[in-house]
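Student: Could you walk me through this protein model with some questions and answers? I would like to see the reasoning at each step.

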Amino acid sequence: MHPAKDFRETDRTILAERVGERGFAVIIGIAEGRPRIAHAPILLDGDRMRFHLSAANPLSTAVQDAGWALAVITGDEAYVSPDWYEITDQVPTWNYLSVEIEGSVRVLGRDEATRLLDDLADRYEAWLKPKPPWTRAKMVPAKFEALLGGIVAFEMRIERLEGVTKLSQNKPTAVAMRIAGELAKLDDEGARRISRRMIRHLSAG
């Protein structure tokens, strides 16, 4: 987590929206004193987060043994050149958005794991509209059951939910708006999204 309080994000509505926009996280656990990671789709619902890992992934065992995990979601980001500040003695930096979700976890039973997979498909197939949504009804039931046996599904009870909103808000408004203008000119959709977020953030502040 970024140590500067200017950038710390604790608004749960903003953070939940940010998670919903991405839907994909780095899951982190500890095994034998070393960090283990995996990438996984997640669902955030109030004070719980659900996800699944391959049963063969060492992180799956690590999370079960520790009963704890950390999830990190990285949002839009963009490089900021010191030239754009028009202030002396500045250095390069990055504007970015992130979320950290931490808490105790439990393994979901088979029915709960099935519900998680259904919910994941329902949520993210909606991103593909107007394509008709995929459901597991299109699968041979025995094949689905075999695949289900290859994963471990988890539910996290969230004990910490916070993030970083770093949008040059520590700079004078005129400077931040100039940076937003420069980012908007780039042939980089991520940079342009950061530009739009900067403008909204500055306007709201």
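Tutor: Happy to help! This is a predicted model, and we can start with Arg160, which is partly exposed, with a relative accessible area of 23%.

Student: Does Glu100 count as buried or exposed?

Tutor: Buried means under 20% relative accessible area, and exposed means over 50%. Glu100 has 13% relative accessibility, so the label for Glu100 is buried.

Student: How do the side chains of Arg160 and Glu100 meet, and at what N to O distance?

Tutor: Side chains of opposite charge can pair when their charged atoms come close. Arg160 lies in strand β7 and Glu100 in strand β6, so this pair ties together parts that are 60 residues apart in sequence. The two side chains meet in a salt bridge, with an N to O distance of 2.8 Å.

Student: Which residues are linked with Arg160 and Glu100 in a network of salt bridges?

Tutor: The pair we just discussed belongs to a network of salt bridges. Besides Arg160 and Glu100, its members are Arg8, Glu102 and Glu162.

Student: How many salt bridges does a search of the whole structure find?

Tutor: One of them joins Asp47 and Arg12, at 3.1 Å from N to O. That pair links distant parts of the chain, with Asp47 in the loop between β3 and β4 and Arg12 in helix α1, 35 residues apart. The search of the whole structure gives a count of 23.

Student: Which residue forms a salt bridge with Arg22?

Tutor: The closest N and O atoms of this pair are 3.6 Å apart. Arg22 sits in helix α1 and its partner in strand β5, 54 residues apart. Arg22 counts as partly exposed at 34% relative accessibility, whereas the partner counts as buried at 6%. That partner is Asp76.

Student: Let's turn to helix α2. Why are its buried residues on the same side?

Tutor: An α-helix has 3.6 residues a turn, so residues three or four places apart point the same way. In α2, which spans residues 58-66, the buried residues are Leu59, Ser60, Ala62 and Val63. They share one side of α2 because they cover an arc around the axis of only 165 degrees.

Student: Which residues are exposed on the other side of α2?

Tutor: The buried residues of α2 pack against several strands, including β2, β3 and β5. On the other side, the exposed residues are Pro58 and Asp65.

Student: At the start of α2, which backbone nitrogen does a side-chain oxygen of Asn57 reach?

Tutor: Here we look at the start of the helix, where the side-chain oxygen of Asn57 comes to within 2.8 Å of a backbone nitrogen. At the other end, just after α2, Gly67 takes a positive phi of about 65 degrees. The nitrogen that Asn57 reaches belongs to Leu59.

Student: In the hairpin of β2 and β3, which turn residue has a positive phi?

Tutor: Strands β2 (residues 24-31) and β3 (residues 34-45) pair in the antiparallel sense over 8 bridges. One of the bridges joins Ala31 to Arg34. There are 2 residues between the strands, and the one with a positive phi, about 55 degrees, is Glu32.

Student: And which residue in β5 is the bridge partner of Ile27?

Tutor: β2 also pairs with β5 (residues 68-80), in the antiparallel sense and over 3 bridges. The bridge partner of Ile27 in β5 is Ala71.

Terms used:
Residues numbered from 1 in each chain as written. Predicted model: local features only at pLDDT ≥ 70, side-chain atom pairs only at ≥ 80, totals over all residues. Heavy atoms only, no water. Pairing = 2+ DSSP bridges. Helix = DSSP H or I, 4+ residues; strand = E, 2+ residues; numbered from the N terminus. Buried < 20%, exposed > 50% of the residue type's maximum accessible area, 1.4 Å probe, protein only. Arc of directions from axis to C-beta. Contact = heavy atoms within 4.5 Å. Polar contact = N/O pair within 3.5 Å; in protein donor to acceptor, adjacent residues only side chain to side chain. Salt bridge = Lys/Arg side-chain N within 4 Å of Asp/Glu carboxyl O.
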